[in-house]
Amino acid sequence: MTVSEHQIKEAIETLKETGVRITPQRHAILEYLIQSMSHPTADDIYKALEGKFPNMSVATVYNNLRVFREVGLVKELTYGDASSRFDFVTTSHYHIICEDCGKIVDFHYPGLDEVEQLASHVTGFKVSHHRMEIYGTCPECSKKEVH
């Protein structure tokens with residue numbers, strides 16, 4: 001079993017435990033999210049799956065993403081007024097975002113886990129989570145600028 005097959009199986013178990021029915025569309029959206037790694041928008045997911053599910057609407061995709069978000073399988077990433085992007089929740093990770101093309105890439109940095117404890121200690125806050133994003137220009141866009 002590949003990593004993504006294992007993730008799909010676990011995600012489906014989580015959905016079943018919370019009483020969510022596993023429809024073919026749900027399965028396909030989940031599978032796409034897990035395998036894409038590109039932080040797709042609901043529209044991206046819709047376009048990728050409309051050939052397989054011609055009667056599926058963008059609203060269906062949004063509704064399913066909302067269900068996945070509510071059970072903790074998916075994170076909604078919002079950046080200003082751009083469309084929300086969706087990220088299958090794996091381990092804690094951060095995002096680096098290209099300011100030119102909007103590409104989002106995951107990276108792991110365990111050193112930041114202590115930040116929450118420090119912030120809580122210094123301020124007295126009960127910390128729920130943190131979010132950090134790094135912005136720059138991706139290698140593909142950097143190559144374009146050279147010409």
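## Close-up views of the predicted model

Glu70 is exposed, with 55% of relative accessible area. That residue returns in the second legend below, and this structure is a predicted model.

**Figure 1. The whole chain, with 6 helices and 5 strands.** Let us get our bearings before zooming in. Going along the sequence, the elements of the protein chain appear in the order α-α-α-α-β-β-β-β-α-β-α. The C-alpha atoms fit a box of roughly 50 × 50 × 35 Å along the principal axes. Buried residues make up 31% of the 147 in the protein chain. About 9,500 Å² of the protein chain is exposed, and 54% of that area comes from carbon and sulfur atoms. If you count contacts between residues at least 6 apart in sequence, 50% of them join residues at least 24 apart.

**Figure 2. A salt bridge between Arg66 and Glu70.** Here the closest N and O atoms of the two side chains are 3.5 Å apart. The two residues are 4 positions apart in helix α4, so about one helical turn separates Arg66 from Glu70. How accessible is each partner? Arg66 has 36% relative accessibility and therefore counts as partly exposed. Glu70, at 55%, is exposed, because that value is over the 50% cut-off.

**Figure 3. Arg69 and Glu76 joined by their side chains.** This salt bridge has an N to O distance of 2.5 Å. Arg69 shows 35% relative accessibility, so Arg69 is counted as partly exposed. Glu76 is likewise classed as partly exposed, with 30%. For anyone keeping a tally, the salt bridge count for this model comes to 4.

**Figure 4. Glu140 paired with Lys103.** In this salt bridge the closest N and O atoms lie 2.9 Å apart. Glu140 belongs to helix α6 (residues 139-146), while Lys103 sits in the loop between β3 (94-98) and β4 (104-107), so the pair ties together parts that are 37 residues apart in sequence. Glu140 is partly exposed at 40% relative accessibility. Lys103 is partly exposed too, and its relative accessible area is 34%.

**Figure 5. Helices α2 and α4 crossing at roughly 70°.** A quick reminder for this view: the angle between the axes and the distance between them describe two packed helices. Helix α2 covers residues 24-36 and helix α4 covers residues 58-70, and their axes come within 10 Å. With that crossing angle, α2 is roughly perpendicular to α4, because angles from 65 to 115 degrees fall in that class. Which residues meet here? On the α2 side they are Arg26, Ile29, Leu30 and Leu33. Their partners in α4 are Val61, Asn64, Leu65, Val67 and Phe68.

**Figure 6. A nonpolar surface patch around Ile96, Val105 and Ile134.** To finish, have a look at these three side chains on the surface. Together, Ile96, Val105 and Ile134 make a nonpolar patch of about 200 Å². Where does Ile134 belong? Ile134 is part of strand β5, which runs over residues 133-136. Is Ile134 buried or partly exposed? At 32% relative accessibility, Ile134 counts as partly exposed, because that value lies between the 20% limit for buried and the 50% limit for exposed.

How values were computed:
Residues are numbered from 1 along each chain as its sequence is written. This is a predicted model: local features need pLDDT of at least 70, side-chain atom pairs count only at pLDDT 80 or more; totals for chains, interfaces and linings use all residues. Side-chain values use heavy atoms; hydrogens and water are left out. Patches are made of residues with over 30% relative accessible area and no salt bridge: like charges are joined within 9 Å, nonpolar side chains (Val, Leu, Ile, Met, Phe, Trp, Tyr) within 5 Å. Accessible areas come from the Shrake-Rupley method with a 1.4 Å probe; for residues, only the protein chains shown count as cover. Buried means under 20% relative accessible area, exposed over 50%, partly exposed in between (1.4 Å probe, protein chains only). Axes are lines fitted to C-alpha atoms, for helices over the stretch in contact, and angles run from 0 to 180 degrees between N-to-C directions. Angles under 35 degrees count as roughly parallel, over 145 as roughly antiparallel, 65 to 115 as roughly perpendicular and the rest as oblique. Contact means heavy atoms within 4.5 Å.
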